[in-house]
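Let's take a friendly walk through this structure, going from its sheets to a pocket, its aromatic rings and its cysteines. Keep the viewer open as you read.

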Amino acid sequence: MARPRIVVIGAGFAGLQALKRLERRVPKSAADIVLVAPNDYMLYSPLLPQVASGLLTPQSVAVSLHRALHRTRIVPGSAIGVDTDAKAVLIRKISDELTVERYDRLILAPGSLTRVFDIPGLTEHAFGNKNLAEATVLRDHVLAQLELANATTDPVEREERCRFVVVGGGYTGVETAASLRRLTEEAARLYPSLRSAISWHLVDIAPRLLPELGTKLGEEALDLLRSMGVEVKLEVTVKEVTEHKVALTDGRMLPCRTLIWTAGTSPSPLMDSLGAETQRGKLVVGSDLAVPDQPDVFALGDAAAVPDLSKDDPDAVCPPTAQYAERQGTVAAENVIASLTNRPKRTFLHKDLGLVVDLSGRDAVARPLGYDLSGLPAFAVTRGYHLWSLPSNPARARVAANWMIRALTGGEVSRLGFHRGKPSTFVDLEAAHYLAPEDARRESARLLETAAARGEGG
């Protein structure tokens with residue numbers, strides 16, 4: 001009898017944690033484990049703003065899957081559809097080939113994509129900061145603007161190149177604005193005449209920054225940003241973007257060649273391919289993380305609507321944070337094992353342990369276990385939290401070494417030559433490749449038939 005096959009989609013916080021648990025708890029002879037992921041690393045995304053500023057190298061936040069996993073077969077590609085009738089996942093490999101992977105148990109943790117709106121010029125001219133490619137391109141672009149501004153004698157061009165606008169008052173937006181503001185301060189030492197011309201703006205449609213941290217810490221973060229020279233405007237967003245200007249909904253037209261879009265994420269469109277119930281794009285699951293009426297499929301992380309049993313509200317769902325995703329990964333793995341051995345499944349229950357926000361330099365705000373911290377205590381807690389949360393010792397060593405080198409030698413403002421032309425990584429291009437339920441079934445049938453004709457195992 002063939003061993004059951006456990007297929008995991010996505011190697012983020014949730015997916016990697018589930019895989020590590022499965023490898024630890026499932027004997028090699030008892031099941032095959034397969035991972036579908038486009039990259040051979042897990043991205044520690046909370047530190048991306050520090051990659052964009054050059055404080056950390058890209059390798060520091062890329063946790064090698066080959067070092068973390070020892071018996072999982074990795075399929076390099078993206079899942080674009082699920083045929084629950086045939087128990088098959090449609091995969092577009094990084095070579096652009098289509099293939100199919102059968103499963104007995106499926107764990108869906110595909111994460112999220114950048115959320116965009118129908119704003120004229122946004123996708124053509126904006127930069128994102130959601131992956132390593134975007135972070136490295138963004139850093140080069142920002143430094144290039146200062147070099148070009150210093151080289152021009154045109155006052156209009158200089159103003160456009162020296163103004164930077166960040167959209168989004170959540171963690172990524174706040175940390176990106178703070179980190180890159182520090183970077184341009186360091187670069188300005190090379191171009192003293194630009195120092196007074198450099199301006200940073202942060203806009204958000206919400207009435208408060210970082211609402212998850214509460215009013216007090218949100219106000220402290222706001223004050224810290226303003227003290228760093230970042231102009232913050234709330235209840236304002238972008239109306240239009242051109243190559244040389246950014247129009248805001250408050251009527252202002254800002255000369256600007258750098259718009260950084262960090263206004264949230266949307267769940268992976270893969271969840272729509274199952275034909276199951278979704279909630280704002282997230283796949284609805286029970287408290288055991290299983291999809292109703294599909295007990296062989298489990299969903300977790302950013303793309304799953306997981307009931308938050310720690311709240312009194314019966315409609316509450318877990319926030320899309322790394323803290324929750326990792327713990328969901330553990331429970332999902334245990335419940336997959338329970339479903340294979342006919343044992344009762346566990347219920348997911350977790351109480352938020354707190355949040356941290358690194359504002360670069362030694363500025364930070366944090367709320368560990370409900371206690372509000374700012375200043376050096378928050379800085380120490382924030383850095384300690386990241387070192388503890390990184391899922392491998394080599395990653396911890398690299399990040400700690402980068403921080404130490406920066407503290408001892410200062411920052412480095414050389415461009416690395418990654419940026420050429422328009423920002424091509426802002427829009428998640430694979431978003432156009434996801435399949436509708438009927439297309440997933442049709443394509444899986446074709447690929448399975450082809451595999452059977454060749455005598456290949458599905």
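A126 stands opposite L259 in strand 17. Strand 10 and strand 17 run parallel and are joined by 2 bridges. Helices (H or I, at least four residues) and strands (E, at least two) are DSSP runs numbered from the N terminus, and two strands pair if DSSP finds at least two bridges between them. This is a predicted model, in which local features need pLDDT of at least 70 and side-chain atom pairs count only at pLDDT 80 or more, while totals for chains, interfaces and linings use all residues. Residues are numbered from 1 along each chain as its sequence is written, and side-chain values use heavy atoms, with hydrogens and water left out.

**Sheets and strand pairs**

Strands 10 and 17 belong to an open sheet of 5 strands with parallel pairing, in the order 10-17-11-12-13. At its edges are strand 10 (126-127) and strand 13 (230-234), each pairing on one side only.

Another open sheet has 3 strands, antiparallel in pairing and ordered 24-25-26. Strand 24 (354-358) and strand 26 (373-374) each have a single partner strand, so one side of each is left without a neighbour in the sheet. Between strand 24 and strand 25 (residues 364-368) there are 5 bridges in the antiparallel sense, and L355 has R367 of strand 25 as its bridge partner.

Two further strand pairs are worth a look. Strand 1 (residues 5-9) pairs with strand 2 in the parallel sense over 5 bridges, with D32 in strand 2 as the bridge partner of R5. Strand 2 (residues 32-37) is largely enclosed by the rest of the structure, because 5 of its 6 residues are buried; buried means under 20% relative accessible area, exposed over 50%, and partly exposed in between (1.4 Å probe, protein chains only). Strand 14 (residues 238-241) and strand 15 (residues 245-248) run antiparallel and are joined by 3 bridges. A hairpin of 3 residues connects strand 14 to strand 15, and V241 stands opposite V246 in strand 15.

**The second largest pocket**

What lines the second largest pocket, and which residues lie nearest its centre? The lining has 19 residues, and L55, G361, R362, R406 and A407 lie nearest the centre. A pocket here is an open set of points on a 1 Å grid over the protein atoms alone, where a 1.4 Å probe fits, with protein on both sides within 12 Å along at least five of seven lines; lining residues have an atom within 4 Å of a point. The space in this pocket is about 430 Å³, where the volume is the space filled by probe spheres set on the points, and grid points are joined across faces, edges and corners.

Helix 7 (171-188), helix 10 (375-389) and helix 11 (393-409) each supply at least two lining residues. Helix 7 gives the most, with 5 residues. By residue class, the lining divides into 6 nonpolar, 6 polar and 7 charged. In this scheme Ala, Val, Leu, Ile, Met, Phe, Trp, Tyr, Cys and Pro count as nonpolar, Asp, Glu, Lys and Arg as charged, and the others, Gly among them, as polar.

**Aromatic pairs**

Rings of Phe, Tyr and Trp (its six-membered ring) pair if their centres lie within 6.5 Å; planes under 30 degrees apart count as stacked, over 60 as edge-to-face and the rest as tilted. By this rule there are 5 aromatic pairs, including the two below.

| Pair | Centre to centre | Angle between planes | Type |
|---|---|---|---|
| F117 and W261 | 6.0 Å | 70° | edge-to-face |
| Y385 and W388 | 6.1 Å | 55° | tilted |

The F117 and W261 pair links distant parts of the chain, 144 residues apart: F117 is in the loop between strand 9 (112-114) and helix 4 (122-125), and W261 is in strand 17 (residues 258-261). F117 is partly exposed at 44% relative accessibility, whereas W261 is buried at 3%.

Y385 and W388 both lie in helix 10, 3 residues apart, about one turn of the helix. Y385 is partly exposed at 26% relative accessibility, and W388 is exposed, with a relative accessible area of 57%.

**Cysteines**

How many disulfides does a search of the whole structure find? The count is 0, a disulfide being a pair of cysteine sulfur atoms within 2.5 Å. For C256, the nearest cysteine sulfur is that of C162, 11 Å away. C256 is buried at 1% relative accessibility, and C318 is buried at 4%.
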